[in-house]
Each structure stands twice: as C-alpha cells, then as structure tokens.
Amino acid sequence: MQWEVVIGLETHVQLQTRTKIFSGASTAFGAAPNTQADAVSIALPGVLPVLNKEAVRCAIRFGLAIDAEIGRRSVFARKNYFYPDLPKGYQISQYELPVVGRGHLNILVGDAEKTVRITRAHLEEDAGKSVHEDFHGMSGIDLNRAGTPLLEIVTEPDMRSAAEAVAYARKLHELVQWIGICDGNMQEGSFRCDVNVSVRPVGSDKLGTRREIKNLNSFRFMQQAIEYETRWQIETLEDGGKIQQATVLFDPDTGETRAMRSKEEANDYRYFPDPDLLPLVISEADIEAVKAALPELPEAMQARFQSQYGLPAYDAGILTGSRGMADYFVAAVAAFGGEAKLVANWVMGSVAAKLNEAGLDVAASPVSPAQLAALLKRIADNTISGKMAKEVFEAMWAGEGEADAIIEKRGLKQVSDAGAIEKIVDEVLAANAAMVAEYKAGKEKAFNGLVGQCMKASKGQANPAQVNEILKKKLA
Amino acid sequence: MINASLKELAGALAGKQISSVELTQLFLDRIARFNPEINAYITVDAEKSLAQARAADALIAAGKAGALTGIPIAQKDIFCAKGWRTTCGSKMLGNFTAPYNAHIVSQFDAAGAVNLGKTNMDEFAMGSSNETSYFGKVQNPWDRARVPGGSSGGSAAAVAARLAPAATGTDTGGSIRQPASLCGLSGLKPTYGVCSRYGMIAFASSLDQAGPMAKSAEDLALMMNVMAGFDERDSTSLQRDKEDYARDLNQPLKGLRIGLPREYFAEGLDAGVARVVQEAIDQYRKLGAETVEISLPNNALAIPVYYVLAPAEASSNLSRYDGVRYGHRASEYGDLLDMYCKSRAEGFGAEVKRRIMIGTYVLSAGYYDAYYLKAQQIRRLIAQDFEQAFRRCDVIMGPAAPGTAFKAGEKTDDPVAMYLEDLYTIAVNLAGLPGMSIPAGFSNGLPVGLQIIGNYFSEARMLGVGHQFQQVTDWHVQMPKGIE
C-alpha cells in the first residue's frame, strides 16, 4: 500500500519582551536560579496578573505578518494542572478566543511553492524548570522562566513530508526574527516545535490517528524525528497494528521516538476564563499602530528585489531568506552603485559560503557591506579580475584591510595598458610557434592555450578581454 | 474612648487628649484581656503596632495628620501585610509571613493608620459563622455562645467587642454584611472593582471585594476614603476619579425611593428579623423616603449559581497551595503526588475541601457547559433583575441575613443551612453591586441588620442613607455587655 504522511505543527515562540507576560520580572536568559522569580512568578498568595502590552503588540505583529485575522476580543483562560514548576497550579493561556485567528505562510520546498494554513496563534505564559541533577534524589525548581511570554502558533495538518514540515519551521523561524518578536535561539528554547504526525493510505481523505513529537529544538532533529516516526507508523500499520494517540519524545542519540504518555491518561485541564484578567480588546487603532511599525515582509521584499534590482526570483528569494542577509545586500548595493546582480552573486556566493563555514551570523561578517562594495567597484572598473577579487576577498576576510590596500600591497592591479599587453602577446607568440601553427591549422583549442600563456606571463594581471582581442588581431 | 467614632478619635488625637501610642495600647490591652475568649484576632504584634503608632504621633505633631492618622485598625487576616503572619484562617498558611503589602494595607499605612492585628476568619473566607477557621471559632460579643457570622467574623467580633475602632473585611457572598448584621455593626461591600484585590488572598476572584466594618456609616465613609481607588496591579480595579465617600452624608432623604423586593420578605425570613427590618423601613418613611415594591425574580437562583461559580474559581485559586514553595508541606511523603495529596489533605479544612471538590467537578470536561456556563448565564439574568429594579428605585432595602446570630455548632453539620445565611447578600456579589448592612434594632437581644443595596458606584449616597438613619437611631452605638 502507498502511504501518505500528514503533519501539523505547534510552535512555541518565546516573545522578545523585557519583562514577563503578567509581571515586571525580567525575562533575561541564564540568570542564577530564581533570581528572576518575583512575587507573581512564585505565585504568592494574593498576587494578580497584569498583562504585558508589549506581548500583545508582538502577537499583533505576527498576525499581520501572516495575513491573519486579529481577534478584537480574546480571552485568557486558566489551564489547570499540578506540576512543581507551575507555581499557580494553572497556566494562563488563551483557549476559545485566541488573539490571532486564521492566517497562512507560504513555503518553498525544492521548486514547489506551498501554502501552509495557520489555524491560530495565542498568548500564554511559560512554566518554570524542574532540575533533577545535583540535588541528591530531590528536585530543584527554577522559576526564572515561569511567566515568560509565549506565542503558540498552530497550523492545519497541511504538510505532507518531513521536508515540508522543516521548510515551514524554518520559514516561521525566520519570520518571527524578521519581525523582531523572537530571538530565534533554539538552544535556549526560544523556538520549540511540537509536531503532530499521522499516516493514511494515499487517496484517503480521513486523517489517521496522530502522535505528537514534543519539544524539537533543531531542524535536523525535526527531520530525523518525522522520518523515523513516519516509518514507525507505516510499519506498525502494515504489521496489522493500530496507532494509539500519544505524546512521544525524540531521542537524538538513537534517532528514535518513544511514547511519553498516552493521551487517554491526559489531564482534564478544566479550562475556564481567568477572572483576574479582563478580555483583551484590540482596537483598529492598536492594529494600525503596529502595522505602521511593521518592517517590509520577506515576500514583499522579494518581489521588490526582482522589480527594483532586476534580480531573478531565485536570487531574490535567497537574499530575503533572512532579515540580516537582506539588510546586508541592500547596504552593499547602495554602497556599490552598480550592477545589483554582481552584488547578489557575491553575497549569495563568497559571503554566504564564508559565513556558513565560520558559523557566523551575517551581522557579524568580518567584511562589511561597504567593504564588499569597495571590492566590487574594482571589478567593475577593471582594476582586478573576478578571480583576483576572490583572492582579495579572502584577504579582507582574514582582516588584512581594505580592498584597495590589499590590491596595492599584493600588486594585483590588472594590466589594461594596450601597449604592455601587446608586448606580452608578441613574446608569447614568438615563444610558442607550435601552438600558433596548430591554431592556424584550425585547432581552436590552441587559442585558449595561448590566452593562458599570456595570462601566465602577466602573472594573471593582464585584462583577459584585452588579451583575447589583441591575440585575435595578431593571429588574423 | 472605646465607643468613640473615628471622627471623635481623630479629634482626640489632634487635640492631644490622647496619643496614638496610648490609644493603640488601650486597644492592645483590651485585646489581651478579651481576645483569649472572643478569639477575634489570630495575630497580634504589639511591637509592630506601637512602632506604627509612634510614627503616627510624629505625623500628628508635625501637623501632617489625615483623617485616620494614628487610629488603630484591625486587618482581616486575608490581607497580606509585610512582616506579618498572614494565614487566611488556614493551617495551610499557618507558617506564612507575607513579604509584601496588599494594596489595602499600603493604603492604611500611607494614611498613617495603625495595624492593630490580623483578625480571625473562616478558612479562605469560606463560611458564614467563622467556624471553619483553623484558628478556632470566634464568639459573638452579644452572646458568647453564638457565632459572629462569617467569613469576616473576627473583624466583626473585634469591632463589636470594642477591640478595634474599625476593621477591614472582605465580601464574596455576604462576608461583610452578614457578620455586620449578626454583630450589630455597619459594614459595606463596595462595587466590584472599587477596592483593589492586590494582596488580598483570592477565594473567588470575580466576586471578592474588600470593604470596611465599623460602628457607623460615617466611619465607613472615612475608611472608604482610604481603601477605594484604582490600582494598576489589579486588572479588575476600576479606573475612576478619586471620590469623597463622606460627601453625601448629610443629604436629606426626602424623595428617596426605596425598593422592597418581594422575594426578600418571603419564606425563610425569621419573624423577629422581619419585624425589625419593617420598623427600620418605617423610620425611613418618617425621614421622607418613599417605598415601592419591586421584584428580583431570579433571586432564588443566586445561591445555586454562587455555589457553582465561587467553588469553580476557588478550586483553581487554591491550587497554588501545593506545599512546593511556601505554606504547609506534609512532613512525610513518598513521591510527588503523595506530597501534594498529604500536604493539601492536612493543610485544608473540610469546607475548603468540599468547595475544591465542587469546583473541580463543575469545571470538568462534560460538566462545564451544564454547570459553569449555565451559571454564568444566570448570573447575567440576576444582574438584569437589579438593572430593572433600579429603574424604579434609588436603593433597595431588606434584611442582611435571614436570622440573628445562631448558636455555635448549630449549622456546622448542615452546609446547605449554612449556605442559606447568604440568601439576601449573594445576588449583590453576583451582580457586582455595592451592598451595606447597618444596625436596625434587636430581636431577642440579638442585633439585626438592615441591608441597603445601591446601584453601581452609589456608595457615597448609600452611606448618606445609612448616616441619616443613624442620626435618629442609636442602634449603632449600643455595646454588648461584659466588655467594659
């Protein structure tokens, strides 16, 4: 039987606010345990939540970025369950009426474009952390993270492969950073994905029973986990088994998923509207204010790059893959002033390759957009060849200084003096009579050999176009 | 001095007839003498109180005294007061010292008032007789074998026994008005949102409201001037201009339209209480008020609705008492679940457990719509009843409680009988309206309260309605015997 996998994602995005969602305690990562746990974070008797308006603005930002309906009236509810790192015994979340309604995100998988529908996004508070090491059989509780604002983003089951799920997650990861609501740090848990996976026979329109892979904090693990889980479900069904709805964890060491708890044992969370918080009412003016401060979104920028700079769709897509990359490109184009395609080639080529190799963010690039532009100007005005430019770029990356200084120091200036080149050509023709004879006998290849000899004789500095031209004239 | 009004006390302090330290010591001495029996206070800390009194005396000497500067006020033990043990009447918080001040406590501190101590109360404010307190029952000063009412029973007994000039209370379903009625006091539950709930330990968040308990309506007005006001730390606190609650005290009653709900004078009301309330209403007629019969047709549903909504909220509000971070933790336990179960089983009393169970049940999947959601719908109908009624009258009057103070132990085995104590008060909380009880007379030697219910934000007018009555009656200045 042919099987189809059906995937939906729930992503917890930690919002980049200075303080917690319902109190003034700091959200900074990495502080000593419980130093950011104020009276509200530890749920002292009598304390009350007060909603952080910045968290709401972040949610609206996201809603606008995915072209979603913004809930004009959303309600905070209590999700009741006991756990030591959940200080109130309930989590404040949004249940029936979320702040962000239906929206969508377009992804690119290979060459195929696809729209993933987003069901909803809602605001909620994070829990604290239980620490089980170093306490001699006891557990420690760190409530620094308790109350950190999260936006939980839920998709429809629209993805049909691990690659699509990862493409969606990457796109979302980029978007939330692009609009400045999340730092995207997956190691620190700022972006956590839960993936719902089910399989069904191809052609069936009924969804299979799903299992939820919890807390994936890297795209690589996500890919592996979905692939494993898909195989496991198909094998289980083909062996005559049944899938039980369950929550599973991915073990990166074994590459396997295993059930954490089955959903039948799941808590009844007894959701009800939190009487400590009034319904969140968002006005047209609130939305307009957020809209006015919203940066140009990736897709709009991609279209603009095509029309404004005459770039191919592919280039425009790559360059708008991250806010930092786009900013770098725009700055380099502005400083360069010439052909944008040349800048695009270099940013997508050498710059991206070196960043990738060094594991650096584009913002931390040792070669700034202005420095890159200065180098490209030397290509444009024929001071150096493209090949020479690569060498100069390497030197710039290594911190040897500005392009002009390196060209000067290394004597890489291209020779475009017709007289000088003619002299070299004459010498090469005199020294390579055999090649000249071959060329004249009709062997085109010999011409390239002669060009190569000329370049070698000039130590690569002769302008190749001029060498070609003069050589042709002399051999005619 | 022990029967003086707050205004008289302020005058005595300003006129140097007495210092705040002396006044505070006077009440501390009385507490030392009477509290071992009456048990109105859970925690008294003379040193802390006297330190505040000394600071108040300095303010008075510097001519910086406000209306309550130097006056000792008892705080219901539901309000967190920095450095004070704050128990909420529960073993669960028997070892809890609050590290911060409730808004109400801060307001009294800022006014220069002296915190005289923390008063006894039903555990987590759940009860109508103060008998659910972990710290023992409280005697009604009018008859020591009887209950003071609840949940603010300690505050009521403290003021009635003149162990405090005034006290704070909280009212979720009648917890200020019913004990005020049973102890012969004036007590006001303001419009929901007028007093900040910050630092007030939550029972049922959508119903809880702080208010003053004192001898007279005038005293209540002075207390309200300190207690009321917007607080950004409580999202349900109302952003309104500061008002003077004493502004309408002398407004004449001529033309006042008093609504008398048919349902408040029907079955369930004690005959003696009915007589006293009718006499009080006659007194109002003499003062120029008119009466009009009104109906609150959904009043009978108020108790069942309340006993769905309040436990639902309570079951969630009380989840934080898990023994993990503060409060009672069982000394021996196996795993985590065992720690939760034992700590909560030991830390909570029977009534609290009963309400947690009811609340958990009504919020459960499959029952939510039938109970919680339905109750919310009826809650709106109850509020609409009042809306209709206030088209025809300015205030509503009736009994505050169906009877006078009952004997300790009389209703402890019958929760429903106990719940019926709030028959006339609960609808007011469900609607978020202000309600007040003032002493209206006696039945068989026990005080009877007259309840006055006003429209939203009409506290100042209601206090005036109470004050005018107290200008021609002396029920509010009568003292129980045996406390001299």
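N130(B) is buried, with 35 other C-beta atoms within 10 Å of its own. In this predicted model, N130(B) sits in the loop between β3 and α5 of chain B, and its backbone is a bit out of the ordinary: phi is near 65 degrees, a positive value in a residue other than glycine. F124(B) tells a similar story. F124(B) is found in the loop between β3 and α5 of chain B, has a positive phi of about 50 degrees although it is not a glycine, and counts as buried, with 33 other C-beta atoms within 10 Å. A further oddity turns up at S151(B), which is placed in the loop between β3 and α5 (153–160) of chain B. Here the peptide bond from G150(B) to S151(B) is cis, with omega near 10 degrees. For context, most residues other than glycine have a negative phi, and most peptide bonds are trans.

As for confidence, chain B averages a pLDDT of 97, and 100% of its residues score at least 70. The model as a whole comes in at ipTM 0.96 and pTM 0.91.

Staying with chain B, helix α3 (residues 46–61) is a well-behaved one. Its 16 residues should span 22 Å at 1.5 Å a residue, and the end C-alpha atoms are indeed 22 Å apart. The buried residues of α3(B) are S49(B), Q52(B), A53(B), A56(B), D57(B) and I60(B). These cover an arc of only 150 degrees around the axis, so they end up on the same side of α3(B). Turned away from that buried side is a face carrying the exposed residues E47(B) and A61(B). As for what lies over the buried residues of α3(B), the cover includes α1 (6–14), α2 (20–38), β2 (72–76) and β3 (114–119) of chain B. After α3(B) comes G63(B), with a positive phi near 70 degrees.

Next, the contact between the chains. On the chain B side 34 residues take part, and they are in contact with 25 residues of chain A. α9 (302–317), α10 (336–347) and α11 (350–363) of chain B each supply at least two residues of the side that touches chain A. The largest share, three residues, comes from α9(B). By chemical character, the residues on this side of chain B divide into 17 nonpolar, nine polar and eight charged.

Turning to the nonpolar interior, the largest core has 227 residues, of which A59(A), F62(A), A165(A) and V195(A) touch the most other members. Helix α2 (residues 162–178) of chain A provides the largest share of this core, 10 residues. V195(A) gives a good idea of who meets whom: leaving aside its neighbours within four places in sequence, V195(A) is in contact with I7(A), L9(A), A165(A), I213(A), L216(A), M222(A), A225(A) and I226(A). Another core, of 35 residues, lies apart from the largest one, and F305(A), F329(A), V333(A) and L355(A) are among its members.

Further along chain A, helix α12 (residues 418–431) has 14 residues and reaches 20 Å from its first C-alpha to its last, close to the 20 Å expected at 1.5 Å a residue. I421(A), I424(A), V425(A) and V428(A) are buried in α12(A). Seen down the axis, the buried residues of α12(A) fall within an arc of 100 degrees, so they line one face of the helix. The face turned away from the buried side of α12(A) carries the exposed residues G419(A), D426(A) and A430(A). Among the elements covering the buried residues of α12(A) are α14 (445–457) and α15 (464–475) of chain A.

Lastly, I407(A) is found in helix α11 (residues 403–410) of chain A. With 21 C-beta neighbours inside 10 Å, I407(A) counts as buried, given that the cut-off for being buried is 20 or more. Not counting residues up to four places away in sequence, I407(A) touches R378(A), T383(A), I384(A), V392(A), L412(A) and K413(A). I407(A) and A395(A) are 12 residues apart in sequence, and their C-alpha atoms are 9.8 Å apart in space.

Notes:
Residues numbered from 1 in each chain as written. Chains lettered and ligands numbered in written order. Predicted model: local features only at pLDDT ≥ 70, side-chain atom pairs only at ≥ 80, totals over all residues. Contact = placed C-beta atoms within 7 Å. Helix = DSSP H or I, 4+ residues; strand = E, 2+ residues; numbered from the N terminus. Nonpolar A, V, L, I, M, F, W, Y, C, P; charged D, E, K, R; others polar. pLDDT = per-residue confidence, 0-100. Core = buried A, V, L, I, M, F, W, Y, C linked by C-beta atoms within 7 Å. Buried ≥ 20, exposed ≤ 12 C-beta atoms within 10 Å, placed from the backbone. Expected span 1.5 Å × (residues − 1). Arc of directions from axis to C-beta.
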